[in-house]
Amino acid sequence: YHLAVALLNNSVSLMDAGQPEEAAPLLREAAALLPAVGSFSLDVYMIEFTASYAALRGDWAAVAQLLAASGRLREEQDMPLAPRDVGGRQELVAGALAALGEAAMQVETTAGLGLARALAHGPACPGPPGHRLAPDR
């Protein structure tokens with residue numbers, strides 16, 4: 001658990017410092033640990049951090065899908081977003097909407113709701129640039 005938290009925290013610090021490609025291996029390593037950890041909240045944070053990573057790469061379709069998935073999972077488990085995180089999530093949604101347009105945003109959001117079911121069996125894991133984000137099992 002503690003190693004996964006440390007990896008996620010370090011990946012967020014790297015992304016905040018403008019180093020998303022250095023964050024990707026830490027996200028992958030954390031994703032590999034999460035099934036054994038068995039923490040629903042860490043799984044949701046992993047999905048949301050991966051959405052932030054996708055935004056830094058300009059993969060707005062993945063952002064929309066991952067945010068829809070994490071939103072669905074949060075709703076199903078009564079895990080509201082912390083007030084301090086609302087602004088960041090709104091920025092990601094606004095970025096995805098601006099990049100995709102309303103129609104494509106709706107398509108990707110719908111795909112993300114389906115992705116939530118798949119992610120219930122394992123967290124998302126960032127891939128190399130150009131790789132679509134998907135469950136790792």
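Here are three short exercises, with worked solutions, on a predicted model.

**Exercise 1.** Find out which residues are linked in a network of salt bridges.

*Solution.* Let's start with the whole structure: a search turns up 3 salt bridges. Take Glu-48 and Arg-74, whose closest N and O atoms are 2.6 Å apart. Glu-48 sits in helix H3 and Arg-74 in helix H4, so this pair ties together parts that are 26 residues apart in sequence. Next, Arg-89 also forms a salt bridge with Glu-48, with the closest N and O atoms 3.1 Å apart. Here the link runs between helix H5 (residues 83–119) and helix H3, 41 residues apart. Put the steps together and you get a network of Glu-48, Arg-74 and Arg-89.

**Exercise 2.** Work out whether helix H4 is largely enclosed or not.

*Solution.* First, get to know the helix: H4 covers residues 60–76, which makes 17 residues. Now look at burial, where the cut-off is under 20% relative accessible area. In H4, 12 of the 17 residues are buried, so the helix is largely enclosed by the rest of the structure. Among them are Val-63, Leu-66, Leu-67 and Arg-74.

**Exercise 3.** Decide how the aromatic pair of Tyr-45 and Phe-49 is arranged.

*Solution.* Begin with the numbers: the rings are 6.3 Å apart, centre to centre, with 20° between the planes. Planes under 30 degrees apart count as stacked, and that is what this pair is. Next, place the residues: both lie in helix H3 (residues 40–57), 4 residues apart, or about one turn. Last, check accessibility: Tyr-45 is partly exposed at 29%, and Phe-49 is partly exposed at 21%.

Conventions: Residues are numbered from 1 along each chain as its sequence is written. This is a predicted model: local features need pLDDT of at least 70, side-chain atom pairs count only at pLDDT 80 or more; totals for chains, interfaces and linings use all residues. Side-chain values use heavy atoms; hydrogens and water are left out. Rings of Phe, Tyr and Trp (its six-membered ring) pair if their centres lie within 6.5 Å; planes under 30 degrees apart count as stacked, over 60 as edge-to-face and the rest as tilted. Helices (H or I, at least four residues) and strands (E, at least two) are DSSP runs, numbered from the N terminus. Buried means under 20% relative accessible area, exposed over 50%, partly exposed in between (1.4 Å probe, protein chains only). The expected span of a helix is 1.5 Å times one less than its number of residues. A salt bridge is a side-chain nitrogen of Lys or Arg within 4 Å of a carboxyl oxygen of Asp or Glu.
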